[in-house]
Amino acid sequence: MPLLNASRPSPVTFLLMGIPGLEHLHVWIGIPFCSMYMVALVGNVTILAVVRAERSLHQPMFLFLCMLSVTDLVLSTSTLPRMLCLFWLGVHDIAFDACLAQMFFIHSFTAMESGFFLAMAIDRYVAICDPLRHATILTHSRVSLMGIIVVCRGVAFFSPHPILLKQLPYCRTRIIAHTYCEFMAVVKLVCMDIGATKSYSLSMASIIGSCDVILIAVSYVFILCSVFRLPSREASFKALGTCGSHVCVILVFYSTAGFSIFTHRFGKKVPAHVHIFIANMYLLVPPFLNPIVYGLRTKKIREHVLKVLRVKAP
């Protein structure tokens with residue numbers, strides 16, 4: 001592969017290589033990935049349609065759930081179709097601008113997903129720990145403001161990435177040893193030292209993730225304290241079951257994302273295929289699980305879906 005001319009500010013295309021060492025399994029890996037994407041697509045669209053149609057669901061919990069669903073749809077759609085083209089059709093090339101756009105959507109919407117997990121934890125904290133003031137604390141205007149802050153935070157911290165990379169010279173190979181245009185995978189192709197930029201990216205991701213995790217943990221500690229004080233054992237078990245499923249989804253997201261972040265900084269000996277496979281998980285599994293845990297396990301949404309299915313059934 002010839003090296004790019006150092007005088008060119010950017011290449012025309014990059015080549016995504018998928019999962020190094022597992023190329024012979026790409027077709028088979030694509031099957032569960034596609035299945036999870038279809039569940040995420042149908043589940044999140046269903047949540048959006050149900051909440052829009054049912055006015056009784058226009059409450060903070062379901063409004064935050066809709067924001068999370070939109071984030072999941074953008075996050076999974078910005079990666080999975082292109083990834084499946086790589087796995088099943090052998091389409092390796094991706095336009096430089098398309099690569100930068102994909103990078104922006106992945107990193108900014110991952111930050112938004114983290115923010116909406118925090119917003120939903122705050123909503124659950126207020127609903128369980130201070131139920132009488134829930135409607136007055138989390139008004140529609142405040143819910144909208146929280147959503148805007150989460151979106152602006154994700155855009156503000158990660159929009160500099162593609163803008164910066166657009167200006168840098170690329171004098172190395174065009175091959176990206178990854179399944180999508182991850183920031184750290186792309187900067188390895190730059191023919192100048194940008195250690196400060198890499199440190200900024202890892203620091204921002206670490207700070208945002210750590211702050212959200214700490215606040216979510218604090219919220220659930222207070223929630224659990226309130227749950228254990230409930231007079232009814234049945235109500236306590238029900239609340240614990242709901243909180244437990246929510247915590248599992250959150251743990252999957254932050255553990256896989258954290259593994260990917262810290263592997264870049266400390267895990268030089270981690271095999272490339274392990275790192276890339278885990279990096280795919282935090283883009284695939286939460287969008288797949290969120291509609292199931294937050295949607296189907298929510299009684300009001302489940303009842304509305306079943307009612308619609310009964311009406312349409314012959």
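This section describes the internal cavity of a predicted model and the surroundings of one residue, Asn290.

The search for enclosed space returned one cavity of 30 Å³ or more. The volume of the largest cavity is about 60 Å³. Its lining consists of Met61, Phe117, Met120, Ala121, Arg124, Tyr220, His246, Ile250 and Tyr294. By residue class, seven of these lining residues are nonpolar, one is polar and one is charged. Arg124 counts as charged and His246 as polar.

Two helices, H4 (96–129) and H10 (233–265), each contribute at least two residues to the lining of the largest cavity. Helix H4 provides the largest share, with four residues.

Asn290 is located in helix H11, which spans residues 272–296. The relative accessible area of Asn290 is 1%; because this value is under 20%, Asn290 is classed as buried. Two polar contacts involve the side chain of Asn290: one with the side chain of Asp72, at 2.8 Å, and one with the side chain of Glu113, at 3.2 Å. When residues up to four places away in sequence are left out, Asn290 touches Leu68, Asp72, Glu113, Phe117, Val249 and Gly295. Asp72 and Glu113 therefore appear both among the residues touched by Asn290 and as its side-chain polar partners, a buried setting for Asn290 at 1% relative accessible area. Phe117, also touched by Asn290, is one of the residues lining the largest cavity.

Notes
Residues numbered from 1 in each chain as written. Predicted model: local features only at pLDDT ≥ 70, side-chain atom pairs only at ≥ 80, totals over all residues. Heavy atoms only, no water. 1 Å grid on protein atoms, 1.4 Å probe; cavity = no way out; pocket = protein on both sides within 12 Å on 5 of 7 lines; lining within 4 Å. Points joined across faces, edges and corners; volume = space filled by probe spheres on them. Buried < 20%, exposed > 50% of the residue type's maximum accessible area, 1.4 Å probe, protein only. Polar contact = N/O pair within 3.5 Å; in protein donor to acceptor, adjacent residues only side chain to side chain. Contact = heavy atoms within 4.5 Å.
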